Amino acid sequence: PRPLHRGVSGIRVSGNSTDFWDAEVKDNTEKEDLDRNHSSSQSFLSLRSPFRFFFQDNSPPKYGVTENGFTADPFGGGTPRSRHRLTMLFLKLSLVVIVILALTGSFWWTISISTSSRGHIFRGYRRLQEQLVSDLWDIGELSLDPSRLKEIEFCSEEFENYIPCFNVSENVALGYSDGNEYDRLCGHGSRKSCLVLPPVNYKIPLRWPTGKEVIWVANVKITGQEVFSSGSLTKRMMMLEEDQISFRSASLMFDGVEDYSHQIAEMIGLRNESNFIQAGVRTILDIGCGYGSFGAHLFSKQLLMMCIANYESSGSQVQLTLERGLPAMIGSFNSKQLPYPSLSFDMLHCARCGVDWDKKDGIFLIEADRVLKPGGYFVWTSPLTNVHTFLRDKEKQKRWNFVRDFAENLCWELISQQDETVVWKKTNKKSCYSSRKPGSFPPICSKGQDVESPYYRPLQNCIGGTNSRQWVPIEERATWPFRSNLNKNELELYGLHSEELVVDTANYKTAVRNYWSLLSPLIFSDHPKRPGDEDPSPPYNMFRNVLDMNARYGGFNAALLEAGKSVWVMNVVPTTGPNYLPLVLDRGYIGVFHNW
């Protein structure tokens with residue numbers, strides 16, 4: 001084996017083998033000289049040897065090798081030349097140390113600066129997306145009980161249009177009929193523990209407002225016959241291409257929804273539909289809304305319309321209305337009260353909505369009256385109201401007379417009738433009910449019957465809402481958008497102080513800024529936006545609606561509107577918490593009671 005030079009601390013340093021053996025031969029002749037110099041070089045050797053690796057001379061050793069295997073030090077003596085070389089050695093060593101320290105300090109300084117300013121640097125869209133997905137995944141895992149952490153299966157294709165608590169075939173099998181099979185019935189088998197898949201050829205909807213008028217056929221379940229069926233007044237459509245549906249409102253009476261809404265405004269005594277706001281109208285309940293064309297038109301007038309319709313397995317009015325980016329939910333007048341508080345809406349609208357208002361002793365009209373605010377309007381368009389029609393048909397005349405007389409008993413004033421459209425105005429005075437003839441039907445609900453926020457209770461045969469705190473005529477309320485900020489007296493009705501609403505709104509303003517900053521790369525994926533820039537105008541905004549699962553005072557809705565976001569919010573108030581849904585609706589928003 002080749003011998004190795006060994007240094008201090010056990011460090012092995014390889015040398016030149018030939019030089020080693022030459023030095024060994026000379027060792028015997030120079031041993032005495034080295035012994036003389038040994039004592040004087042001892043201190044310097046101990047200092048120099050650890051740094052030999054930095055300044056190693058690869059030339060053959062001139063002074064041989066010591067007993068310990070080191071090359072004899074040429075600077076063993078204390079001559080001026082040796083001191084000069086020692087000084088140069090220290091200068092070189094100091095320079096190396098200074099360079100190393102400078103590089104190390106610069107490196108750590110860079111890292112510290114990057115770390116401290118991390119929150120202020122825009123790190124890129126992809127990084128934000130990855131962080132968002134990661135956070136959502138963590139939230140999902142935390143929300144599940146450890147025993148439930150298992151892979152969730154997908155539902156079969158037959159559940160593509162599955163909606164909990166709505167199963168017509170099952171209800172029919174259980175013996176429900178006469179329209180009750182469309183009711184909301186939540187049995188033990190109504191909940192599915194699987195993920196409902198979107199349609200096979202589902203496409204991302206077109207951006208608002210383009211998506212309001214054109215949708216993808218593959219995104220909804222509808223047949224060609226349903227597309228061209230007449231249905232309600234605002235239900236007519238025409239297909240542009242094979243994969244798209246374009247909505248067009250048409251009827252034999254009107255050139256379109258614009259003319260229709262203009263006519264209603266004139267019947268109320270307004271110049272046009274743009275003046276609905278000045279008349280105190282902001283929220284409208286559209287019963288059997290067709291495909292939402294009436295609401296789509298009025299949305300540009302700052303009116304907010306909630307569409308309700310029966311459950312339909314195919315050609316669903318609710319599904320198509322939502323696909324257009326408009327508010328809608330399944331709701332039925334068959335046997336249960338709607339999940340809205342009493343005195344919720346400024347106007348109710350029914351254009352050939354399919355509800356027989358004269359049936360079941362007028363109980364459907366009673367429910368309509370319950371959710372209508374004092375001074376609000378009920379608009380009904382139906383062939384039944386056409387004078388020229390029912391004069392030739394005694395049965396239709398009888399039905400019309402019943403609705404007209406019943407509306408009078410509800411203290412509704414018939415203010416206008418044109419062609420097939422009739423407009424009533426609900427009384428704004430409670431004294432109207434006591435001034436009716438003795439024994440008039442329907443009676444006033446007792447306090448026990450008059451529940452402020454019923455949750456799918458059976459329909460009541462009495463007039464509700466008269467005991468409500470919110471009995472304030474729409475003419476006496478602030479108009480939109482000032483209505484969103486309730487005054488001190490209005491807040492006292494709910495036991496709140498104005499400071500509480502201010503704090504709630506301020507918190508949600510901060511939340512909206514944070515959410516929008518985080519989601520901007522997703523919302524504006526095709527229109528890059530840097531922090532601090534203004535939001536691009538539609539159609540670049542991907543968000544159209546928001547479901548607030550615990551709306552409380554509606555602060556999130558208020559913050560989004562104040563920030564200028566072109567979205568509408570479905571404010572859900574859980575049945576298990578404080579009931580501020582009447583407050584949310586009084587602010588000019590839409591919402592619903594729900595048991596999660």
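Select strand β14, residues 568-574, in this predicted model. Strand β15 runs parallel to β14, and 5 bridges join the two.

Now pick out two cross-strand pairs. Show Asn-571: its bridge partner in β15 is Gly-591. Next show Pro-574, which stands opposite His-594 in β15.

Follow the chain from β14 onward. The path goes through helix α17, residues 581-586, and then enters β15. This β-α-β crossover is right-handed. To check the hand yourself, point the strands away from you: the path from the first strand over the helix to the second runs clockwise.

Stay on β15, residues 590-594. Is this strand mostly covered or mostly open? Covered: 4 of its 5 residues are buried.

Add β13, residues 545-548, to the selection. You now have an open sheet of 3 strands, in the order β13-β14-β15, with parallel pairing. Why do β13 and β15 each have one side without a neighbour in the sheet? Both stand at the edges with a single partner strand, so one side of each is left free of a neighbour there. Look along the sheet for its twist. Ignoring direction, neighbouring strands are turned by 20° against each other on average.

Zoom out to the whole protein chain. Colour by secondary structure: there are 17 helices and 15 strands. Colour by burial: 43% of the 596 residues are buried. Switch on the surface: about 33,100 Å² is accessible, and carbon and sulfur atoms hold 54% of that.

Last, turn to contacts. Take those between residues at least 6 apart in sequence: 65% of them join residues at least 24 apart.

Key:
Residues numbered from 1 in each chain as written. Predicted model: local features only at pLDDT ≥ 70, side-chain atom pairs only at ≥ 80, totals over all residues. Heavy atoms only, no water. Pairing = 2+ DSSP bridges. Axes fitted to C-alpha atoms, helices over the stretch in contact; angles between N-to-C directions. Buried < 20%, exposed > 50% of the residue type's maximum accessible area, 1.4 Å probe, protein only. Contact = heavy atoms within 4.5 Å. Areas by Shrake-Rupley, 256 points an atom, 1.4 Å probe, with all protein chains shown as cover.
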